[in-house]
Amino acid sequence: MVNLGNDWQEMIGKEFEKEYYLKLRTFLKTEYQTQTIYPSMYDIFNALRLTSYSQVKAVILGQDPYHQPNQAHGLCFSVKPNVKIPPSLSNIFKELNEDLGIAVPEHGCLIPWAKQGVLLLNTILTVRAGKPMSHRGQGWEIFTDEVLIQLNKRQKPVIFMLWGSPARKKVNLITNPIHYILEAPHPSPLSAHYGFFGSRHFSKANKILQELGQTSINWDLNS
């Protein structure tokens, strides 16, 4: 049984006993034994482990993990230290620089954001090497939808930062009017110029947090 090590266990622990998840678990067991799968099985739930339910201030929703060696480690858009920054993350850093004047960092590890309450969640938590979206439709979407449903129930506001059409489709799960929704195109090179650049989501999120009387997020990975 998966142990998340914080209050997420109480919120979504029951999912690990449901039929869809048991089928997913069987599928993953075979995949990890016979294929190269990212991230490591020990890193699959890092987003939930690093950002507890009660700690969540903002959610950045990705699609599925990076599918090249040594990149994925359980946080959407993030890569391990000393790994080349992928194009989408590079565009995120460009927007961060334009928005808040923060110098582009030399690494792409977003753990400092996660530790400040930014849930870096993918909708699908595993992938076969070199084959993006290869674990689509196996059950992860049901699981991560439940994460969003539980956050929607929360009576403390959450800022949902939905980038790209797969993330934006999840807006129907966010029905509680106390939450905030920031939408933009995906930061990939194919779509960033259609409205991700100039969206100013980082400053907007901090303005919301300040208005709520909460500590703003230090987005600067150089500090």
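What covers the buried residues of α8? The elements that do so include α4 (87-100), α5 (111-115), β5 and β6. The model is a predicted one, in which local features need pLDDT of at least 70, side-chain atom pairs count only at pLDDT 80 or more, and totals for chains, interfaces and linings use all residues. Residues are numbered from 1 along each chain as its sequence is written, and side-chain values use heavy atoms, with hydrogens and water left out.

Secondary structure follows DSSP runs, numbered from the N terminus, with helices (H or I) of at least four residues and strands (E) of at least two. Two strands are taken to pair if DSSP finds at least two bridges between them. On this basis, an open sheet of four strands is found in the order β3-β2-β5-β6, with parallel pairing. The edges are occupied by β3 (118-122) and β6 (180-184); each has a single partner strand, so one side of each is left without a neighbour in the sheet. On average, and with direction ignored, neighbouring strands of this sheet are turned by 20° against each other. Axes here are lines fitted to C-alpha atoms, for helices over the stretch in contact, and angles run from 0 to 180 degrees between N-to-C directions.

Strand β2 pairs in the parallel sense with β3 over five bridges and with β5 over four bridges. Within these ladders, Gly62 has Asn122 of β3 as its bridge partner, while Val59 has Phe160 of β5. Buried denotes under 20% relative accessible area, exposed over 50%, and partly exposed the range in between (1.4 Å probe, protein chains only). Five of the five residues of β2 are buried, so this strand is largely enclosed by the rest of the structure. Ala58, Ile60 and Gly62 point one way from β2, whereas Val59 and Leu61 point the other way. In a regular strand, side chains alternate between the two faces of the sheet. Further along the sheet, β5 (residues 159-163) pairs with β6 in the parallel sense over five bridges, and Trp163 stands opposite Ala184 in β6.

Two helices that pack on the sheet are α6 and α8, with contact meaning heavy atoms within 4.5 Å. Helix α6 (residues 140-153) touches β2 (58-62), β3 and β5, and its direction makes about 150° with that of β3. Helix α8 (residues 201-211) touches β5 and β6, and its direction makes about 170° with that of β5. In α8, the buried residues are His201, Phe202, Ser203, Ala205, Asn206, Ile208 and Leu209. Just after α8, Gly213 takes a positive phi of about 80°. Asn152 lies in helix α6 and is buried, with a relative accessible area of 9%. Beyond residues up to four places away in sequence, Asn152 touches Leu173, Ile174, Thr175, Asn176 and His179.

A nonpolar core is a set of buried Ala, Val, Leu, Ile, Met, Phe, Trp, Tyr and Cys residues joined through side-chain atoms within 4.5 Å. The largest such core holds 71 residues, of which Trp8, Phe45, Trp113, Phe143 and Trp219 touch the most other members. Leaving aside residues up to four places away in sequence, the contacts of Trp219 include Ile60, Leu96, Trp113, Met161, Phe202 and Asn206.

Aromatic pairs are rings of Phe, Tyr and Trp (its six-membered ring) with centres within 6.5 Å; planes under 30 degrees apart count as stacked, over 60 as edge-to-face and the rest as tilted. The structure holds 17 aromatic pairs. Trp8 and Tyr53 form an edge-to-face pair, at 5.1 Å centre to centre and 80° between the planes. Trp8 belongs to helix α1 (residues 8-12) and Tyr53 to the loop between α3 (46-50) and β2, so the pair ties together parts that are 45 residues apart in sequence. Relative accessibility is 0% for Trp8 and 10% for Tyr53. The rings of Phe16 and Phe143 have centres 5.5 Å apart and planes at 35°, so this pair is tilted. Phe16, in the loop between α1 and α2 (19-34), and Phe143, in helix α6, are 127 residues apart. Both are buried, Phe16 at 1% relative accessibility and Phe143 at 0%. One aromatic cluster is formed by Phe77, Trp113, Trp163, Phe196, Phe197, Phe202 and Trp219.
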